[in-house]
Amino acid sequence: MFPVESNILIVDDSNLARTTLKNALTELGYWRIVDFDSVKPAQNFLLDADIQKDPTHLLIVDLHMPELSGHQLVKWLREQDKFKKLPIIVLTSSQETSDVLAIANLGVSHFMLKPVTAQLLRQRLTTAWTKHGESYVKQLNS
């Protein structure tokens, strides 16, 4: 699982979903959590030079949001060299196969259906760490 000092970014237009995620992450021992309600401020945050000195280790993003979607954010991230390998967990309330397949092709680490529980989040964090997180953190530290 991701070390508890990992920097975690949440992007979800639902205040309730963000609060639920932050509470579940806190329950699991995480405390370096930043959240945004839309894609544009998250992009600005990720590109900020000061933030890049202490980079994000995991992104948890909602698939469906107004203006720019989670899919658009993930696509943009995968086009940036420094974020090609960033571990990403996608949240969705949709069970549409086409939505999941489209974003899965961008190399996300895992999916979670809403609502999120601490137990489910722990499982997804463990899988995402094994799949992408451990190698990503090693890459950041080298």
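## A guided tour, from rings to sheet

Let's begin with the aromatic rings: the structure has 3 aromatic pairs. One of them joins Phe2 and Trp129, so select these two residues and show their side chains. Their rings meet edge-to-face, with 5.1 Å from centre to centre and 70° between the planes. A pair of aromatic rings is described by the distance of the centres and the angle of the planes. Keep in mind on this tour that you are looking at a predicted model.

Now colour the chain by position and look at where the two rings come from. Phe2 belongs to the segment before strand S1 (8-11), whereas Trp129 sits in helix H6 (residues 118-141). The pair links distant parts of the chain, 127 residues apart. Are these two residues buried or exposed? Phe2 has a relative accessible area of 3%, so Phe2 is buried. Trp129, at 14% relative accessibility, counts as buried too.

**Next stop: the sheet**

Switch to a cartoon view and find the strands. In which order do the 5 strands of the open sheet stand? Going across, the order is S2-S1-S3-S4-S5, and the pairing is parallel. Strand S2 (33-36) and S5 are at the edges; each has a single partner strand, so one side of each has no neighbour in the sheet. From one strand to the next, the twist averages 20°.

Add two helices to your selection. Helix H2 (residues 39-47) packs on the sheet, where H2 touches S1 and S2, and its direction makes about 160° with that of S1. You have already met H6 through Trp129. H6 also packs on the sheet, touching strand S3 (58-62), S4 and S5, with its direction at about 170° to that of S5.

**Zoom in on S4 and S5**

Select residues 88-92, which form strand S4, and residues 110-113, which form strand S5. These strands pair in the parallel sense over 4 bridges. For a landmark, pick Ile89: opposite this residue, in S5, stands His110. Now show residues 97-104 as well, which are helix H5. What do S4, H5 and S5 make together? They make a right-handed β-α-β unit.

**Charged partners**

How many salt bridges does the structure hold? There are 7. Start with Asp35 and Arg18, whose side chains meet in a salt bridge of 2.9 Å, N to O. Because Asp35 lies in strand S2 and Arg18 in helix H1 (residues 15-27), the pair ties together parts that are 17 residues apart in sequence. Try a surface view here: Asp35 is partly exposed, with a relative accessible area of 25%, while Arg18 is buried at 9% relative accessibility.

Move on to Glu79 and Lys75, another salt bridge, in which the closest N and O atoms are 2.9 Å apart. Both partners belong to helix H4 (residues 70-79), and because they are 4 residues apart, about one helical turn separates them. Lys75 is partly exposed, at 41% relative accessible area.

Then select Lys84 and Asp81, whose salt bridge spans 4.0 Å, N to O. Lys84 is partly exposed with a relative accessible area of 39%, and Asp81, at 64% relative accessibility, counts as exposed.

For a network, pick Asp12, Asp62 and Lys114 together. Salt bridges that share partners join these three residues.

**Last stop: Asp62 and Thr92**

Stay with Asp62, which is found in strand S3. At 5% relative accessibility, Asp62 counts as buried. Which residues is Asp62 in contact with, leaving aside its neighbours within four places in sequence? Show Val11, Asp12, Asp13, Gly70, Leu91, Thr92 and Lys114. Asp12 and Lys114 are also its companions in the salt-bridge network.

Finish by selecting Thr92, which lies in strand S4. Thr92 has 3% relative accessibility, so Thr92 counts as buried. Not counting residues up to four places away in sequence, Thr92 touches Asp62, Leu63, His64, Met112, Leu113 and Lys114.

Conventions:
Residues are numbered from 1 along each chain as its sequence is written. This is a predicted model: local features need pLDDT of at least 70, side-chain atom pairs count only at pLDDT 80 or more; totals for chains, interfaces and linings use all residues. Side-chain values use heavy atoms; hydrogens and water are left out. Two strands pair if DSSP finds at least two bridges between them. A crossover is right-handed if, with the strands pointing away from the viewer, the path from the first strand over the helix to the second runs clockwise. Rings of Phe, Tyr and Trp (its six-membered ring) pair if their centres lie within 6.5 Å; planes under 30 degrees apart count as stacked, over 60 as edge-to-face and the rest as tilted. Buried means under 20% relative accessible area, exposed over 50%, partly exposed in between (1.4 Å probe, protein chains only). Axes are lines fitted to C-alpha atoms, for helices over the stretch in contact, and angles run from 0 to 180 degrees between N-to-C directions. Contact means heavy atoms within 4.5 Å.
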